[in-house]
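Biologist: Got a minute to go through this one with me? Show me the model and let's start with the domains.

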Amino acid sequence: MTAHTSSLSSGVAAVSSAARVSVEAPCGRLSLRARGDLSALEGALGLALPRKVGGRAAAGELQALCLGPDEWMLHAPLAAVSGLVEACAGVYGALPHSLVDVSGREVSFQISGPRAAELLTLGCARDIDTIAVGEGRRTLFDGSTVILWRDAADSFRMDVWNSFASHLLHLLEVGVRELAAEAL
Amino acid sequence: MLLIHCPYCSETLPEVEFTYAGEAHIVRPETPSAQSDADWEGFLFLRSNVRGPHYERWRHLHGCGRYFNAVRDTVSDKFLTTYKAGEPRPDLSTLTVTQK
């Protein structure tokens, strides 16, 4: 288990009539790389890994997002991480892979509200609407790599590396205020 | 801003998600110890520097993380096609239609 090192405390960071940005409580994060027949790993995780880049799958509280052809990000409760690591270590002989606990590396923001997708255009060059509800992508937000999870048409999660978190949170706070000022 | 089609994501995405990685189809010699200094010079430093359609490597760094190959016209900066790493060089005569 890597220690959670974010200096941000969880809770609502900014809210207006346009959007709401909050910092989520720490969660378990695992970076998975594997190729070939994934059935042994899927058995150990108890989850069918999505094969399409951007696709997601969930089993209970375990969530998987396909980042690349052989790369996944897994989110799970902190208490479940050691069990998942052990279960996957058990199938290492059958399918060599890389599973790294990166729980301490990132912090997640929850971005929701009627103009949440518009708020993301503040730092993201790609068309947000190409990310379907229930999918996710790794992309670039104001110069730093982030993972965007789209949970609903107006609800996103953004995984950000700790060292960029305070900068991006500040940018989002300004954006939340700007969009609300525009609406007046 | 250029829009580049990633053959692994099957999406056309903004240039800022990608990084350029030099000329494509430069093959590392199979027997390095048998190479002369001139051979190494060619492998390491000498590039075609074409004016027109150029075979080059790109990486979808802030996305799927994959290297892939592209054909880009160095005069117009238009991408003719992109294809997965390891696939054969596409025939230029078939690339008349400009891909975004």
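Modeller: Domain bounds here come from an automatic or database domain assignment. Keep in mind that this is a predicted model.

Biologist: Fine. Which domains does the assignment give for chain A?

Modeller: Domain 1 is 7-26 + 105-184, and domain 2 is 27-103.

Biologist: What separates the centres of domain 1 and domain 2 of chain A?

Modeller: Taken over C-alpha atoms, 25 Å.

Biologist: And how many residues of domain 1 of chain A are in contact with domain 2?

Modeller: 13 residues of domain 1 of chain A, against eleven residues of domain 2 of chain A. On the domain 1 side, strands E8 (106-112), E9 and E10 (144-152) of chain A each supply at least two residues. E9(A) gives the most, with three residues.

Biologist: What's that side like by class?

Modeller: The side of domain 1 of chain A that touches domain 2 has four nonpolar, three polar and six charged residues.

Biologist: Switching to packing. How many residues are in the largest nonpolar core?

Modeller: 58 residues. Those with the most contacts inside the core include Ala19(A), Leu65(A), Trp72(A) and Ile111(A). Helix H4 (residues 162-183) of chain A provides the largest share, six residues.

Biologist: Where does this core lie relative to domain 1 and domain 2 of chain A?

Modeller: Both domains of chain A give residues to this core, so the core lies between them.

Biologist: You listed Ala19(A). Which residues does Ala19(A) touch?

Modeller: Leaving out residues up to four places away in sequence, Ala19(A) touches Ile111(A), Ser112(A), Gly113(A), Arg115(A), Ala116(A), Leu119(A), Val176(A) and Leu179(A).

Biologist: What about local strand pairing? In which sense do E1 and E2 of chain A pair?

Modeller: Antiparallel, over four bridges. E1 covers residues 11-15 and E2 covers residues 20-23, both in chain A. The two form a hairpin with four residues between them.

Biologist: Which residue in E2(A) is the bridge partner of Val15(A)?

Modeller: Arg20(A).

Biologist: Last topic, chain B. How many residues does the contact take from each chain?

Modeller: Twelve residues from chain A and twelve residues from chain B. On the chain A side, strands E5 (62-68) and E9 (136-141) each supply at least two residues.

Biologist: Which element of chain A gives the largest share there?

Modeller: E9(A), with three residues. By class, the side of chain A that touches chain B has five nonpolar, four polar and three charged residues.

Biologist: So E9(A) turns up again.

Modeller: Yes. E9(A) gives the most to the domain 1 side facing domain 2 of chain A, and the largest share of the chain A side that touches chain B.

Key: Residues numbered from 1 in each chain as written. Chains lettered and ligands numbered in written order. Predicted model: local features only at pLDDT ≥ 70, side-chain atom pairs only at ≥ 80, totals over all residues. Pairing = 2+ DSSP bridges. Contact = placed C-beta atoms within 7 Å. Nonpolar A, V, L, I, M, F, W, Y, C, P; charged D, E, K, R; others polar. Core = buried A, V, L, I, M, F, W, Y, C linked by C-beta atoms within 7 Å. Buried ≥ 20, exposed ≤ 12 C-beta atoms within 10 Å, placed from the backbone.
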